[in-house]
Amino acid sequence: MNLFQKNEFKETPFLPVSPEEVPPRPPSFPKKPSPKICGSNYPLSIVFIVVNEFCERFSYYGMKAVLTLYFLYFLHWSEDTSTSVYHAFSSLCYFTPILGAAIADSWLGKFKTIIYLSLVYVLGHVIKSMGALPILGGQMLHTVLSMVGLSLIALGTGGIKPCVAAFGGDQFEEKHAEERTRYFSVFYLSINAGSLISTFVTPMLRGDVQCFGKDCYALAFGVPGLLMVIALVVFAMGSKIYRKPPPEGNIVTQVVKCIWFAISNRFKNRSADIPKREHWLDWAAEKYPRQLIMDVKALTRVLFLYIPLPMFWALLDQQGSRWTLQATRMNGNLGFFVLQPDQMQVLNPFLVLIFIPLFDLVIYRLVSKCGINFTSLRKMAVGMILACLAFAVAATVEIKINEMAPPQPDSQEIFLQVLNLADNEVEVTVLGDENNSLLAESIKSFQKMPHYSRLHLKTKSQNFHFQLKYHNLSVYTEHSVEEKKWYTLIIREDGKSISSMMVKDEENKTTNGMTTMRFVNTLHEEINISLGTDSSLHVEEDYSVSAYRSVRRGEYPAVPCRTKNEDFSLNLGLLDFGAAYLFVITNSTSQGPQAWKMEYIPANKMSIAWQLPQYALVTAGEVMFSVTGLEFSYSQAPSSMKSVLQAAWLLTVAVGNIIVLIVAQFSSLVQWAEFILFSCLLLVVCLIFSIMGHYYVPIKPEDIQGSADKQIPKIQGNMINLETKKTKL
C-alpha cells in the first residue's frame, strides 16, 4: 500500500521508514569483459587513466610552482598579496571536489564529468598563459586573465580530483581486488612523479628561457597547459574500452540531508512532553533508514576529530608561498648545480617518495619493537610537532638572512656612498653639524667604498651641501635627497675642475634571486650593451647613468657592446645571487673600453641548502599526519561513508589555506615572527588534538554495522505529538 501520493503535501505525523522502503538504487553497470594487459588481470583501460593522472598532476603542480613569483615579479604585487591570492587559489582547488563529486554521482557519471571539466581545465590554462604575455595589454588585463584562468583551473582540477582515481577502480572486477590495490599504488606513484618532475622543470622554463626580455612565465604556464591537453586526449582515447558506471546518487548529499532533517526535526519537537532520544541523530528516524543514521553517527565521531586539522595544512601549504619567497633571498649555488628559488619545492615530493617506505618499513617497526604503542592518533600528533619544528627552523633561517643583509635607512635617514671618477683623490665634507665627520677622509680615484654612510635628515626631504677638495680647489655643491633612500654621489672631472651628480640607487633588495646592474658611460659617444635579452641597454655619452637591468646569476666574460664607430666586448665577471653592481665604462688604456666593477649591494650569503632541514621536517610531518590520518579515518567509519570522509578531508585543506590568507592580509608581523606565530598556533592545536584523541575510543567497522538495531529505538506508530509541517516525503 502506498501511504503517500505523488506531489501530495500533508500536515501529518512522520512514520518510520524501514530500510526496505528506501527506493532501490539504479542497476549496476554491465560488467563487460575488457582487454587485459599482456594476459594479466589488469585491464588495459587503466594505462590511459594512469598516464592521464601523471600529465594532469604535472600540469597542476608545474603551474603552481611558479605562481607566487609570477604574482610578485610579473604582476608586481606585494609579498602579502601574492601569498593571499596563492592560498585563495589553493583553497578553491579543495572546495571544488565536492562539486565535482556531486556532478559525477548525481548527473553525468565519472567519465563525462572528467571529460567536460578537463575541457574547462584546458581553457583555464590557455587564459592563464595569455595573462603572462607582456605584449598582451597592461597589468589590469593580465590580472583579469590570471584570475579568470585560475578560477577555471580550480574548477577543473578540483572537479576531476574525486573522479579519476575512483573511475580507475571501477575498471576492475570484484574478483581482482588485489590487482586493484596495486593499481592505486601505481596511481599514487604517478601523482608524485608528475609533481616531482614538474616542480623541477617549470622553474627552469621560467628562469632559463627569456621571453620579451624577461622571465618566460608564458612558457612556464604554457607547457603545463600542453600537458593537460595531452592528459585529456589520452583519457579520451580509452573511451571505447572503459567500464562506465551510471550515476548512483551522491552519499554526501544524503548525509547532509539526514543531518539537517535531524536538527530541524529536533528543533520542531522541543516540547517537554515529547520523550527525549539517546542521540540527536535519532530524530532523523522518521524519514531515513536506521543503517544510514548509524553510519552518520560513526561519521560524526571522526569529523569531530577533524576540527583541529586545518591548522596543519596552513603550515604545510606555505612551501609554495612564504618558503619560496624566503628562497629568493638566499644563494642557490650548490657548487654542482644552481637552484632557482621555486625549484626548492621539488624536495617535498622527492622526500615523500623516500619517507613513506622508510617510515613503514623501518621507523614504525623499530618503535613497535621498543614496546611503544604508536597509535594512529599519536602519529598524527607527532606529525604536527614536526611541522611546528619545521617552522621554528624556517624562522631561524629568516633571522639569519636578516642579520646578513645590510641595514635599511630609517625615517629621516639616507644611505650615501661616494664614487670618485676623477684622476686624483677628493676630500668630501658634508656641511652641517650632525654629518660633518662622516665623509672627512679623502677618497682615492676609483676607490671601492666598503659600505654606505648613514646621513641624518631634519625633514623628510632636504638639500645637502657638500665641499669637494680636489688638488688646490674647493668646490661647493648642493643636492636634494629624500628619506629612506639610497644615493651615490658621483664625482667627475670637468675640465681642470670637478663636478658632481647625485644618483638614486636601487633599494637594498633584488628580485627573484637575480642580479641587478647599471652602467656609467665615461666615453664621448653612446653605447648599446647586449645582456642576452631581447632588447639592448642604451647608455648616453659623457658620464650618463643607465637604467637598472636584472639578469641571471652567472659568468659574463664577453658582453657585446656597440658604439657608432666600433664593436667591442666587456668582461663583467661573475654576477652573483641578489647582488647589485655598478659598472663604469672607461677607455684609458690601449686595450680599448673596459668595465670597472663595484658591488654596492652584496650577494646573498645564506645558502639555499639551509632550507633542507625545514623541508625534511615538514615532509616527515606530512607523511605521519596525512597518510596516517586518512588510514585512521577510513578504519573508523563505515564503508558507505568513505567518500564523505574524503570530502571532509579535502575541506580541512581548504580551510587551512584560508587561515594563511587571513594571516597574510591582516597580520603586520615581520616574516620570522609570522613563522613563529604559525608554529605556536599549531603547537596549541596539537595539544587540543591530543586531548581529544586521549578520550577517543576507537571502534571497529563491524561494530558500527552490528549495532544499528540496538542504538535506534523503534518508533511507535502513534506519533501524534510530533509537530511536522508540510514536508514532502
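Here are five exercises with worked solutions on a predicted model.

**Exercise 1: two helices that meet**

Task: Find out how helix α6 and helix α12 cross, and which residues meet there.

Solution:
- Step 1. Locate the helices: α6 covers residues 177-208, and α12 covers residues 347-369.
- Step 2. Look at their axes, which come within 8 Å and cross at roughly 145 degrees.
- Step 3. Pick out the residues that touch. On the α6 side you have Tyr188, Leu189, Asn192, Ser195, Leu196 and Thr199, and they meet Pro349, Phe350, Val352, Leu353 and Ile356 of α12.
- Step 4. Sort the residues of this contact by type: eight are nonpolar, three are polar and none is charged.

**Exercise 2: reading a sheet**

Task: Work out the strand order of the four-stranded open sheet, and explain why β5 and β8 each have a side without a neighbour in the sheet.

Solution:
- Step 1. Write down the order, β5-β4-β7-β8, and note that the pairing is antiparallel.
- Step 2. Check the ends. β5 (442-443) and β8 (473-482) sit at the edges with a single partner strand each, so each has one side with no neighbour in the sheet.
- Step 3. Zoom in on one pair: β4 (residues 426-431) and β5 run antiparallel and are joined by two bridges. Across this pair, Val426 is opposite Ile443 of β5.
- Step 4. Recall the general idea: strands in a sheet pair through backbone hydrogen bonds, either parallel or antiparallel.

**Exercise 3: a histidine in a helix**

Task: Decide whether His87 is buried or exposed, and list what it touches beyond its neighbours within four places in sequence.

Solution:
- Step 1. Find His87 in helix α3, which spans residues 79-108.
- Step 2. Compare its relative accessibility with the cut-off: buried means under 20%. His87 has 0%, so it counts as buried.
- Step 3. Skip the neighbours within four places in sequence, and the contacts of His87 are Asp317, Gln318, Ser321, Asn657, Val660 and Leu661.

**Exercise 4: cysteines**

Task: Find the disulfide, then work out its handedness.

Solution:
- Step 1. Search the whole structure, and one disulfide turns up. Cys211 is joined to Cys216, with 1.7 Å from S to S.
- Step 2. Remember what such a link is: a covalent bond between the sulfur atoms of two cysteines.
- Step 3. Read the torsion about the S-S bond of Cys211 and Cys216. It's about -65 degrees, so this disulfide is left-handed.
- Step 4. Check burial of the two partners. Cys211 has 18% relative accessibility and so counts as buried, and Cys216 is buried too, at 2%.
- Step 5. Try two further cysteines: Cys163 is buried at 2% relative accessibility, and Cys561 is buried at 5%.

**Exercise 5: aromatic rings**

Task: Classify the pair of Tyr60 with Tyr61 and the pair of Phe71 with Trp77.

Solution:
- Step 1. Get the overall count: the whole structure holds 42 aromatic pairs.
- Step 2. Take Tyr60 and Tyr61. Their centres are 5.1 Å apart with 75 degrees between the planes, and the pair is edge-to-face.
- Step 3. Compare their surroundings: Tyr60 is buried at 1% relative accessible area, while Tyr61 counts as partly exposed at 24%.
- Step 4. Now Phe71 and Trp77. Their ring centres lie 4.9 Å apart and the planes are at 20 degrees, so this pair is stacked.
- Step 5. Check burial again: Phe71 is buried at 0% relative accessibility, and Trp77 is buried at 16%.
- Step 6. Place that pair in its cluster, which is formed by Tyr70, Phe71, Phe74, Trp77, Tyr217 and Phe221.

Terms used: Residues are numbered from 1 along each chain as its sequence is written. This is a predicted model: local features need pLDDT of at least 70, side-chain atom pairs count only at pLDDT 80 or more; totals for chains, interfaces and linings use all residues. Side-chain values use heavy atoms; hydrogens and water are left out. Axes are lines fitted to C-alpha atoms, for helices over the stretch in contact, and angles run from 0 to 180 degrees between N-to-C directions. Contact means heavy atoms within 4.5 Å. Ala, Val, Leu, Ile, Met, Phe, Trp, Tyr, Cys and Pro count as nonpolar, Asp, Glu, Lys and Arg as charged, and the others, Gly among them, as polar. Two strands pair if DSSP finds at least two bridges between them. Buried means under 20% relative accessible area, exposed over 50%, partly exposed in between (1.4 Å probe, protein chains only). A disulfide is a pair of cysteine sulfur atoms within 2.5 Å. Rings of Phe, Tyr and Trp (its six-membered ring) pair if their centres lie within 6.5 Å; planes under 30 degrees apart count as stacked, over 60 as edge-to-face and the rest as tilted.
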